[in-house]
Amino acid sequence: MDLFLDPHSTPFAVAAIILAALTFLEMCCLLIGFSLSELIGKALPDDHGSGVSGLLSWLNYGGVPVLVLLMLFLGMFAINGFVFQAIARTLWLPLPTLAAAVPAFLVAIPEVRSLTRIVGRLVPRDETYAVDLAEFIGRTGEVTVGPLDQGLPGCVRIKDRHSNWHTFRARAAPNERPMAIGAQVLIVDHKSNVFIAITPPSNMLKAPDTYTGESP
């Protein structure tokens, strides 16, 4: 705790606090059927040729959600800084804030690049903004955050024509009964990037696919 409260460790303590706050916010957003990661991803430029976009591409942006990328960087920056300061305090005195922050930042960059390759294999990037939404109308999916009703959107997961998984916000069509988590639904429309779902006819019901977290 002394290391965390040390003024020389302020940037790393702030990074750790931001990381905890982002984790809490994303968990709260998922509970109401909204994705903070999706919102941040939409705000970023689509071209990856130079500047910030080029750095994001080098860090494997596209292999993991941008929020995961940010959280990994905050985590590694904080860990590196606390380790540097702990070693410096053991050997002599704490490093000046800038003298610790700069190497912690630089070391975090290749660390994040390596970690995103690992995380990318374990956590699929479910995104609604990199695909044609019209492709999913007429497909069946499964409720993952619900129940789906006419209120706040929940979430459904659907396979595209290449058998890749995607997660979308969705709500029940008017006059439809609430659809519980795990229920199969039929996508019939989308409005403002929120899909409209109904209970599929009995002849469209099938055994649910097993989601392994990996793309085929």
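## Overall fold

Helices and strands are taken here as DSSP runs, with at least four residues for a helix and at least two for a strand, numbered from the N terminus. By that definition the protein chain has six helices and five strands. The model is predicted.

Along the sequence the elements follow the pattern α-α-α-α-α-α-β-β-β-β-β. Of the contacts in the protein chain between residues at least 6 apart in sequence, 63% join residues at least 24 apart.

## Buried cores

The protein chain has 216 residues, and 37% of them are buried. In soluble globular proteins, nonpolar side chains tend to be buried together.

The largest nonpolar core here has 21 residues, and Phe12, Phe73, Phe77 and Val112 have the most contacts inside it. At least two residues of this core come from each of α2 (10–31), α5 and α6 (97–122). Helix α5 gives the largest share, 10 residues. Separate from this is a second core of 14 residues, with Val143, Val156, Phe168 and Val185 among them.

## Surface

About 12100 Å² of the protein chain is exposed, and carbon and sulfur atoms supply 66% of that area.

Ile79, Val83, Ile87, Leu91, Trp92 and Leu93 make a nonpolar surface patch of about 690 Å². One of these residues, Ile87, lies in helix α5, which spans residues 66–91. Is Ile87 buried, partly exposed or exposed? Ile87 counts as partly exposed because its relative accessible area is 46%, between the limits of 20% for buried and 50% for exposed.

Notes:
Residues numbered from 1 in each chain as written. Predicted model: local features only at pLDDT ≥ 70, side-chain atom pairs only at ≥ 80, totals over all residues. Heavy atoms only, no water. Patch = residues over 30% accessible without salt bridge, like charges linked within 9 Å, V, L, I, M, F, W, Y side chains within 5 Å. Areas by Shrake-Rupley, 256 points an atom, 1.4 Å probe, with all protein chains shown as cover. Salt bridge = Lys/Arg side-chain N within 4 Å of Asp/Glu carboxyl O. Buried < 20%, exposed > 50% of the residue type's maximum accessible area, 1.4 Å probe, protein only. Core = buried A, V, L, I, M, F, W, Y, C linked by side-chain atoms within 4.5 Å. Contact = heavy atoms within 4.5 Å.
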